[in-house]
Amino acid sequence: MIPNVLSIAGTDPTGGAGIQADLKAFAAQGAYGMSVITAVVAQNTVGVRRFVALDASFVGEQLAAVFDDVRVDAVKIGMVANADIVAAIARALDAAPGVPVVLDPVMVAKSGDHLLEDDTVAAIRELLVPRATVITPNLPEAVVLAGGAGAGGAGGALSEPRSLAEMHELLPVLRSLGSEWVLLKGGHLGGESSSDLLVQGDDEPLEFSAPRVDTVNTHGTGCTLSAAIAARLPRADVPTSIRAAKEYLTGALRHADDLDVGAGHGPVHHFHELWPADALARA
């Protein structure tokens, strides 16, 4: 059975992130993609200029239109824009129990600018994280999501991890927020490899490592990874889905320079396996 996978996120007019990236990743992973838009975003490969959130009641109507008609096998949540939209998503998820949910907490732009107000971050933490099968924060997002609770002691200020050991120290804080699984992504650490940590409850964390790809074209990597995980979840367990999704993203990064999109951080090549360069040259 071909899974039906729903993305709930904002847009990207240049096609490398957000809803557009999610739909490409779903298709590349053999899933039928659907979308509910939370915000219309003016962004490109250089940065985010502005976004306009849709009315929360209309987001709710989009969600109802999908769930009332279509079997939804997995959900991926990206940019949620504001607290009212978070609440609308939470209500929709409660009406569809048992559907795997991948939450990619889009909170911090590549420039380091925070995209969401404090009340929206709190709503994500309280309403969406406990409903998620797996959350996929990168290091800056993890710090925001953890809310400043000290990883090494109560009340201490939380700083962004600078090593794999410090990522391990942050995991208990993220686990305490209530998702079934936490995937803490270590791409911001630098180095020759990129390592992510996956943990469920009090189990020993699993490490997923891949060689770091030398490219500036990394726009939409978080969206793409979380979408690929969601596309895999209806047919595999969480660790297997993440391993396959990370391998897919590594290939998409390796072939990102085959594309020529924008003057900044271009997109990854979502269809690198379907559009081999030699085949296109022969067409």
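**Exercise 1. Classify R131 by accessibility and describe its salt bridge.**

*Solution.* R131 is partly exposed, because its relative accessibility is 29%, and the class "partly exposed" lies between buried (under 20% relative accessible area) and exposed (over 50%), with a 1.4 Å probe and protein chains only. The model is predicted: local features need pLDDT of at least 70, side-chain atom pairs count only at pLDDT 80 or more, and totals for chains, interfaces and linings use all residues. Residues are numbered from 1 along each chain as its sequence is written, and side-chain values use heavy atoms, with hydrogens and water left out.

The next step is the partner. A salt bridge is a side-chain nitrogen of Lys or Arg within 4 Å of a carboxyl oxygen of Asp or Glu; by this rule the count comes to 7 salt bridges. In one of them, R131 pairs with D94, with 2.8 Å between the closest N and O atoms. This pair links distant parts of the chain, 37 residues apart: D94 belongs to helix α3 (residues 83-94), and R131 to the loop between α4 and β6 (134-135). Helices (H or I, at least four residues) and strands (E, at least two) are DSSP runs, numbered from the N terminus. D94 is likewise partly exposed, because its relative accessible area is 47%.

**Exercise 2. Establish the strand order of the sheet and identify its edges.**

*Solution.* Two strands pair if DSSP finds at least two bridges between them. The result is an open sheet of 9 strands with mixed pairing, in the order β3-β2-β1-β4-β5-β6-β7-β8-β9. The edges are β3 (48-53) and β9 (206-211); each has a single partner strand, so one side of each is left without a neighbour in the sheet.

**Exercise 3. Describe the surroundings of strand β8.**

*Solution.* Begin with the neighbours. Strand β7 (residues 181-185) runs antiparallel to β8 and is joined to it by 5 bridges. On the other pairing, 6 bridges join β8 (residues 193-200) to β9, also antiparallel.

Next, take individual positions. D196 of β8 has K185 standing opposite, and D196 also stands opposite F208 in β9. L197 is set opposite E207 in β9.

Then consider cover. Of the 8 residues in β8, 6 are buried, so the strand is mostly covered. D196 is buried, with a relative accessible area of 4%. Its side chain meets that of K246 in a salt bridge (2.9 Å, N to O). The two residues are 50 residues apart, K246 being in helix α8 (residues 238-254) and D196 in strand β8. K246 is buried as well, with a relative accessible area of 10%.

**Exercise 4. Characterise the connection between β8 and β9.**

*Solution.* The hairpin of β8 and β9 has 5 residues between the strands, and G201 takes a positive phi near 55° there. D202, in the loop between β8 and β9, is linked with R175 of helix α6 (residues 164-175), 27 residues apart. The two form a salt bridge whose closest N and O atoms are 3.5 Å apart. D202 counts as exposed because its relative accessibility is 73%, whereas R175 counts as partly exposed at 25%.
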